[in-house]
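This report describes how the parts of one complex meet. Please keep the sequence and the structure in view while reading.

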Protein chains: 2
Amino acid sequence: MDTITIKDIARALNLSTSTVSRALRDSYEINAETKRLVIEYAERLNYRPNPIALSLKENRSRVIGVIVPQIANNFFSQTINGIEAVAYSRGYHVIIFQTHESFEREILTVQQAVARKADGLLISLSSSTSDVTHLCQLQEKKLPIVLFDRVSNELDSPSVTADNFGGAFAATEHLIQTGRRRIAHLTIPPYISITQERLAGYRAALDKYGIPYDESLVRYAGFGQDEVEPIVDDLLRQSPDAFFAASDRLALGCLEALKKRNIAIPETVSLIGFTNITVANLLSPSMSTVEQPALEIGQLAAEQLFNMIEGKQKIPQPGIIRIPTRMVIRESSQRSLVG
Amino acid sequence: MDTITIKDIARALNLSTSTVSRALRDSYEINAETKRLVIEYAERLNYRPNPIALSLKENRSRVIGVIVPQIANNFFSQTINGIEAVAYSRGYHVIIFQTHESFEREILTVQQAVARKADGLLISLSSSTSDVTHLCQLQEKKLPIVLFDRVSNELDSPSVTADNFGGAFAATEHLIQTGRRRIAHLTIPPYISITQERLAGYRAALDKYGIPYDESLVRYAGFGQDEVEPIVDDLLRQSPDAFFAASDRLALGCLEALKKRNIAIPETVSLIGFTNITVANLLSPSMSTVEQPALEIGQLAAEQLFNMIEGKQKIPQPGIIRIPTRMVIRESSQRSLVG
DNA sequence: AACGTTATCGGGAACGTTACCGGATTGGCG
DNA sequence: CGCCAATCCGGTAACGTTCCCGATAACGTT
């Protein structure tokens, strides 16, 4: 309606749109006086170039798409924070998509992002995604893609994750060194890369200390509301002396279930989580955690993406960047008096 | 590059672009056979209309802007969840902006959203915002705006908030009924509407029970990292027997500070927070809270906005929709044995 | 004096899409 | 047989912007 365009300026100043355009972009072939006139007038009317027209012309949107399983999750909202910081500093906007852990929605969502002409995609795969051909196709069309956290090695794209193997190894080793032997591992659906890596770290630590790997101590939990409790019950029948939980939600669900059953932590079983909640120290008992640098993961992933977008570095080096985790020992995994 | 357009289809089928366009929109003036041809071909090539071209033509973006102080905050990320659900079901996309509690950034951010041609704005004001003329101007330009949570009555727009007065009243009354008299109120910067409302609820409850309002028991905390602790220290000199904290962050900071000083909760002081953290029951002690229905606030706010956008209901009814809060009593505010 | 240079600007096309207007062909009807 | 309406389709402008190509002077160069 009253948004003013380059045409309005041209008409008012008796110039052509091309002249106005060039004056505003400070072209050398425009008279200094004319420039001044145009710029002053534009300023006075608070002219802003129409980004949509720009996008249509330049075939790019200055928008990147971020696809995550869900945003109401501490880890992801922190990651998005990091992504946004980098994006905005480069003049890009961020559109966030949620897959809600559904493969179908992931496909739809990716299509949406592409239709919207996102200049690049930052993706953390849904837990039900085992096949990434929908992403491979995009990559063949030269759309920059960077994976983070939930990555896949079937896609030749840069990836950024925490050092899941190292974190899981450290957590398991810590439990062993505090006298635990039957360490249960409660983890997320098996397709996801991080599940595999954490499981591998867990097994490697067991190996190192000559503890046989017992499959019955490992359980995969989905993302349902009340899925955790029965699984914990089930695991308890194997009489574990420690729990290593692979995510925020699982660690908290685990803690809740154990408290509900009046199982002493850490006396009877100790507990360590792979999580990013900020209140771990305020829990009862305060919870040991392996922390992932979420903000940094987001920043790095975004930087990788912009390197691809702007550097025209078309050939993605499909390296995985691993960021070290940090283990914080709290009450829930103290050496048990019994052990 | 290889994104196919209506022109490609026209060329391939020896038709004009207008015919293709109408065929795809199922116009009555196109032969059924031609339609079939076009639609089949489009399907085969996986044609997707270019939303940017559409936006330019129709002067709307099918994008709404959400402006919040920060996303890495349980309340806001839940709210955004609600907003997204409604938006996506209506075929809109959501771009999220963060103000980081800065007035300057709020102004910039709003400008950004407008320049990006957002069809409407969903805003929760920054804590340093006392002046909303930057929003009034937009409203005069007929841009639909809906405020939520941190609202302002200086703007004639629909607003959606929790029942802050009622929640604060209930929390304070609960503290009084469990024998507390010197109730400290730790709250957020005073400009924000919710601060005023919660303070009013607090005072009203005191009034009802004939407890004089003591200004020295009320403190305003900013959003700095280590701001809470000294304030708690300061408040403790007034020997309060209860704390009513007005946000997630403050309640947790309060809990941490009190635990650090070995002050028994709830024996010496009891504590209730105005918050949305999901782990309140796992804290030590488990924390009483007044919960806001964040998801619902987001949904309702979004629906209000879409009513304005689509219903062309240009004249906003500037009513405030208040959604009831829910008080959950846990250990931190149990009746003290002493009192 | 004829030509090249420089400075400064305008015209038009293009990005992908739709809407308006107009045109062609056909069939029906008087 | 001629006219009109219906059916079906094409051409073009427009959304806001940039860029390529010219155009027009004024000036300097040979």
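A residue is near a molecule or strand if one of its heavy atoms lies within 4 Å of it. The model is predicted, so that local features need pLDDT of at least 70 and side-chain atom pairs count only at pLDDT 80 or more, while totals for chains, interfaces and linings use all residues. Residues are numbered from 1 along each chain as its sequence is written, chains are lettered from A and ligands numbered from 1 in the order in which they are written, and side-chain values use heavy atoms, with hydrogens and water left out.

**DNA strand D**

DNA strand D has 26 residues around it, of which A:I6, A:Y47, A:K57, B:T19 and B:T34 come nearest. Of the atoms of this strand that come within 4 Å of the protein, 60% are accounted for by sugar and phosphate. At least two residues of the surface near DNA strand D are supplied by each of α1 (6–13), α2 (17–24) and α4 of chain A, and by each of α2 (17–24) and α4 (51–58) of chain B. Helices (H or I, at least four residues) and strands (E, at least two) are DSSP runs, numbered from the N terminus. By class, this surface holds eight nonpolar, ten polar and eight charged residues. Here Ala, Val, Leu, Ile, Met, Phe, Trp, Tyr, Cys and Pro count as nonpolar, Asp, Glu, Lys and Arg as charged, and the others, Gly among them, as polar.

**DNA strand C**

DNA strand C is also surrounded by 26 residues, with A:T19, A:N31, A:T34, B:I6 and B:Y47 coming nearest. Sugar or phosphate provides 58% of the atoms of DNA strand C within 4 Å of the protein, and bases provide the rest. The elements that each give at least two residues to the surface near DNA strand C are α2 and α4 of chain A together with α1 (6–13), α2 and α4 of chain B. That surface divides into eight nonpolar, ten polar and eight charged residues.

**Polar contacts with the DNA**

A polar contact is a pair of N or O atoms within 3.5 Å; within protein, one must be able to donate a hydrogen and the other to accept it, and residues adjacent in sequence count only if both atoms are side-chain atoms. The table lists examples on both DNA strands.

| Residue and part | DNA atom | Distance |
|---|---|---|
| A:R25, side chain | phosphate oxygen, DNA strand D | 3.0 Å |
| B:R22, side chain | base nitrogen, DNA strand D | 3.0 Å |
| B:N31, backbone | phosphate oxygen, DNA strand D | 2.7 Å |
| A:R22, side chain | base nitrogen, DNA strand C | 3.0 Å |
| A:E29, side chain | base nitrogen, DNA strand C | 3.2 Å |
| B:R25, side chain | phosphate oxygen, DNA strand C | 2.9 Å |

**The interface of chain A and chain B**

In the contact (heavy atoms within 4.5 Å), 44 residues come from chain A and 44 residues from chain B. The two chains bury about 4,000 Å² between them, 59% of it on carbon and sulfur atoms. Buried area is the accessible area (1.4 Å probe) that two parts lose on being put together, summed over both. A:I52, A:R116 and A:L282 supply 18% of the area that chain A buries against chain B, more than any other three residues.

The interface contains 16 residue pairs in polar contact, both residues being at pLDDT 80 or more. On the side of chain A that touches chain B, α4 (51–58), α5 (74–89), β2 (93–98), α6 (103–115) and α11 (248–260) each supply at least two residues. This side of chain A comprises 20 nonpolar, 15 polar and nine charged residues. Between chain A and chain B there are zero salt bridges, a salt bridge being a side-chain nitrogen of Lys or Arg within 4 Å of a carboxyl oxygen of Asp or Glu.

**Salt bridges**

Over all chains, the structure holds 36 salt bridges. In one of them, the side chains of A:R150 and A:E101 meet at 2.9 Å, N to O. This pair links distant parts of the chain, 49 residues apart: A:R150 is in the loop between β4 (145–148) and β5 (159–162) of chain A, and A:E101 is in the loop between β2 and α6 of chain A. Both A:R150 and A:E101 are buried, where buried means under 20% relative accessible area, exposed over 50%, and partly exposed in between (1.4 Å probe, protein chains only).

In chain B, B:R36 forms a salt bridge with B:E40, with the closest N and O atoms 2.9 Å apart. Both residues lie in helix α3 (residues 32–44) of chain B, four residues apart, about one turn of the helix. B:R36 counts as partly exposed because its relative accessibility is 37%.

**B:S288**

B:S288 belongs to strand β10 (residues 288–291) of chain B. With a relative accessible area of 0%, B:S288 is buried. A polar atom of its side chain lies 2.7 Å from the backbone nitrogen of B:R330, and a polar contact of 2.6 Å joins the side chains of B:S288 and B:S333.
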